[in-house]
Amino acid sequence: MKSISKAILFLSISLCGYAHAQNHLTLNYQVTKELNHFAYIKIKVTDKYLRTDYILPNKTFTEMTIRDDGQYILDHQKNIAYRLDYLLNKEGGDQALTDMMKYAPGFTKEQIYEMSLDPKNDPNNYIAYEKEGENLFIGYFDDEKVQIVKTSSFPNQFLSSAEYTWLLKRAREDTYFGKTFVGFLDVPLIDFMRKFKYETNQIPTEISLQDEGKAVFLKTVSNSEIDESEVEIEPQFMIKDITNESVQFLKNLENIAREQGVIE
């Protein structure tokens, strides 16, 4: 009887420990321009935080999201953190999906959302990839070569397949915020990985941007524990909420689109 009780206790402890397991990943990239060093990019991801620091020789910018709180753009030169409220953004997104259901009968809100995430359904920005080798993809936009992407299959020295799946899950959660980011690259690296997953299960390790002369190299990945002080907003930053300005901007765009007959 004691053995059974011990076994139940051990199982309970194991399950509780699993339920509270924390995920942590730190990805370090180097960016070159015309073969010269240009910047470092550091991505830190936990179950609560997703933070990307762009470290240039003379300035640093940060984009980050805090689960169930908001998205922030940190201007390190001005010590200002611009904030977009998560709940208001999600409410606006949900309303937009509800409106779209009128034009897509038979589809659920979740199905429409999934279709919106597929890069093929965004023809104005869609890059078509062709596999050129075991670990090489060429990206074309309007038949023009714009990217060369080198990949690595699993297992590799960077990530396990399970870790990459979790990373992409966190990237998907960030899609509620759209494409508000610092504009350092065409899209944030975390969103690039999410979109590239539609092409292959391999992880991109080198991305050459042909029209910019830039190349992004994945250097190291660590799954060591990330202390919250490493990802939270530093105390010297003043937080400025721009949610209402952002919502109004989107409404203005919608009004213009209606006036020009783009939407009804």
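The largest nonpolar core of this predicted model has 35 residues. Those with the most contacts inside this core are Leu27, Tyr29, Ile43, Leu159, Leu167 and Met193. At least two residues of the core come from each of the strands β1 (24–33), β2 (36–46), β3 (49–55), β9 (144–152), β10 (203–209) and β11 (214–222), and likewise from each of the helices α4 (161–173) and α5 (189–196). Apart from this core lies another, of ten residues, including Ile66, Leu74, Ala81 and Ile226. In soluble globular proteins, nonpolar side chains tend to be buried together.

**The chain as a whole**

- The chain has 264 residues, of which 39% count as buried.
- Its secondary structure comes to six helices and twelve strands.
- Among contacts in the chain with a separation of 6 or more, 53% are between residues 24 or more positions apart.

**Tyrosine 29 and its surroundings**

- Tyrosine 29 belongs to the residues with the most contacts inside the largest core.
- Leaving aside residues up to four places away in sequence, tyrosine 29 touches Ala39, Tyr40, Ile41 and Ile43.
- Under the same condition, tyrosine 29 also touches Leu189 and Met193, as well as Val216, Phe217, Leu218 and Lys219.
- Two of these partners, Ile43 and Met193, are themselves listed with the most contacts inside the core.

**Helix α5**

- Helix α5 is mostly covered, with eight of its eight residues buried.
- The nonpolar residues among them are Leu189, Ile190, Phe192, Met193 and Phe196.
- The charged residues Asp191, Arg194 and Lys195 of α5 are buried as well.

**Helices α2 and α3**

- Helix α2 (residues 86–100) packs with helix α3 (residues 109–117) at an angle of about 105°, and their axes are 9 Å apart.
- The two helices are therefore roughly perpendicular to each other, since angles of 65 to 115 degrees are counted in that way.
- On the α2 side the contact is made by Asp94, Leu97, Thr98 and Met100, and on the α3 side by Lys109, Ile112 and Tyr113.
- By type, the residues of this contact divide into four nonpolar, one polar and two charged.

**The buried side of α3**

- Within α3, the residues Ile112, Tyr113 and Leu117 are buried.
- These residues cover an arc of only 145° around the axis, which puts them on the same side of α3.
- An α-helix has 3.6 residues a turn, so residues three or four places apart point the same way.
- The buried residues of α3 pack against α2, α4 and α5.

**Backbone features in loops**

- The peptide bond from phenylalanine 154 to proline 155 is cis, with omega near -5°.
- Proline 155 is located in the loop between β9 and α4.
- Aspartate 68 has phi near 60°, a positive value in a residue other than glycine.
- The loop between β4 (60–66) and β5 (70–75) holds aspartate 68, which is exposed, with a relative accessible area of 59%.
- Asparagine 79 is not a glycine either, yet its phi is positive, at about 55°.
- Asparagine 79 lies in the loop between β5 and β6 (80–85) and counts as partly exposed, at 30% relative accessibility.

How values were computed: Residues numbered from 1 in each chain as written. Predicted model: local features only at pLDDT ≥ 70, side-chain atom pairs only at ≥ 80, totals over all residues. Heavy atoms only, no water. Core = buried A, V, L, I, M, F, W, Y, C linked by side-chain atoms within 4.5 Å. Buried < 20%, exposed > 50% of the residue type's maximum accessible area, 1.4 Å probe, protein only. Helix = DSSP H or I, 4+ residues; strand = E, 2+ residues; numbered from the N terminus. Contact = heavy atoms within 4.5 Å. Axes fitted to C-alpha atoms, helices over the stretch in contact; angles between N-to-C directions. Parallel < 35°, antiparallel > 145°, perpendicular 65-115°, else oblique. Arc of directions from axis to C-beta.
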